[in-house]
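Biologist: Got a minute to walk me through this one? I'd like to start in the middle of the sheet and work outwards.

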Amino acid sequence: MSACRSRHHPDEDGTIRAMNDNIRLIDTHTHLHSGRFDADREAVLRRAAEAGVVRMIEIGYDLPSSRAAIRLAEQYPHIYAVVGIQPHYAADVADDWIDTIASLAAHPKVVAIGEIGLDYYHDRAPHELQHDLFRHQLAMARDLRLPVVIHSRDAQEDTIALLRSDARGQPGIMHSFSGDWQYAAACLDVGFHLSFSGPLTFAKAHALHDAARRAPFERLLIETDSPYLAPHPLRGRRNEPANVRLVAARLAELRDLPLDMLADAVWQNAAMLFTLPRAAWGAQP
């Protein structure tokens, strides 16, 4: 067992106490605008800071949530926004949606287009409409010179095919990556980063562990997808950004690295991918 596990593992109940180790973390995928945070959002942000999470990327998935992401980014200097339309809403978008997203993307704190992609698990829209929405947003991101945040569920083959045809050489993230090494290698081949979340901490996620060990250091990212996908030992509870430290600790363990080294690498990867302003690279929000 790596030494980083013993130094940075949380309490037995999953509680992360205030840290004084100067480790800085970035949660690259949150949904803090969710109503599930309405009662204690300030406390959630305070716990994140105590855990060393000093930057967050707030993700939209439709027009209202994209606007909410921008509002949070305007309110908090250490939060940045991503705007886009998830495949669930491909059959419901207004005629002027592309102009609206492009307008939102012009905001100075918007750092990517997303989350976008394909979802055949929930299958809430015809695949053809999902593909069209995906392609249009990939093209928009390319025109705006922004990275993309990809949502893909039960659609690996088609996701990779579309990325190869429409996004090769374009920067992007496979959000909450949960595949095996074969899928990881295909994502890496089109130039994308892999962002690991709570499932990485699950004991039986052997194929995911293998992918995390083998992925290039410079393509690693971490996230919570709060309020979803809480890591072990908090599985089943509401997730929050402080818990990205648990994901980082597990990734560091799998890579046999000290947590501070892993955290610094992920920080640099995220800062470069999202082209965060140099002032945002500092350790304090």
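Biologist: Which residues of β7 are buried on its two faces?

Modeller: His193 and Ser195 are buried on one side, and Leu194 and Phe196 are buried on the other, so both faces of β7 are covered. Buried here means under 20% relative accessible area, exposed is over 50%, and partly exposed is in between, with a 1.4 Å probe and protein chains only. Strands are DSSP E runs of at least two residues and helices are H or I runs of at least four, numbered from the N terminus.

Biologist: Why do the side chains split between two sides like that?

Modeller: In a regular strand, side chains alternate between the two faces of the sheet.

Biologist: Before I go on, what kind of model is this?

Modeller: It's a predicted model, where local features need pLDDT of at least 70 and side-chain atom pairs count only at pLDDT 80 or more, while totals for chains, interfaces and linings use all residues. Residues are numbered from 1 along each chain as its sequence is written, and side-chain values use heavy atoms, leaving out hydrogens and water.

Biologist: What's the mean pLDDT?

Modeller: The mean for the protein is 92, and 90% of its residues reach 70 or more. That score is the predictor's confidence in each residue, from 0 to 100.

Biologist: And where is pLDDT below 50?

Modeller: Residues 1-11 are below 50, and that stretch has 22 contacts in the model beyond near neighbours in sequence. Residues 13-17 also stay under 50, with 15 contacts beyond four places in sequence. A contact is heavy atoms within 4.5 Å.

Biologist: Back to the sheet. What's the strand order?

Modeller: Eight strands make an open sheet in the order β1-β2-β3-β4-β5-β6-β7-β8, with parallel pairing. Two strands count as paired if DSSP finds at least two bridges between them.

Biologist: Which strands stand at the edges?

Modeller: β1 (25-30) and β8 (220-222) do; each has a single partner strand, so one side of each is left without a neighbour in the sheet. On average, neighbouring strands are turned by 30° against each other, direction ignored. Axes are lines fitted to C-alpha atoms, for helices over the stretch in contact, and angles run from 0 to 180 degrees between N-to-C directions.

Biologist: How many bridges join β7 to β8?

Modeller: Three, with the two strands running parallel. Leu194 has Leu220 in β8 as its bridge partner. Towards β6, β7 pairs over two bridges, again in the parallel sense, and Ile173 stands opposite His193.

Biologist: What handedness do the connections have there?

Modeller: β6, helix α7 (residues 181-189) and β7 form a right-handed β-α-β unit. β7, helix α8 (residues 206-214) and β8 make a right-handed one too. Right-handed means that, with the strands pointing away from the viewer, the path from the first strand over the helix to the second runs clockwise.

Biologist: Which strands does helix α5 lie across?

Modeller: α5 (residues 127-144) lies across β4 (110-119) and β5 (148-153), at about 160° to β4. Helix α6 (residues 156-166) also packs on the sheet, touching β4, β5 and β6 (172-174), and its direction makes about 150° with that of β5.

Biologist: Switching topic: which peptide bond involving Glu115 is cis?

Modeller: The one from Gly114 to Glu115, with omega near -5°. Glu115 is in β4. The Ser226 to Pro227 bond is cis as well, with omega near 10°, and Pro227 sits in the loop between β8 and α9 (244-255).

Biologist: What about Leu229, what's its phi?

Modeller: Positive, about 55°, although Leu229 is not a glycine. Leu229 lies in the loop between β8 and α9 and counts as partly exposed at 34% relative accessibility.

Biologist: Last one: what does Gln86 touch?

Modeller: Not counting residues up to four places away in sequence, Gln86 touches Tyr61, Glu115, Leu133 and His151. The C-alpha atoms of Gln86 and Glu115 are 5.6 Å apart, with their positions 29 residues apart in sequence. Gln86 is buried, at 8% relative accessibility.
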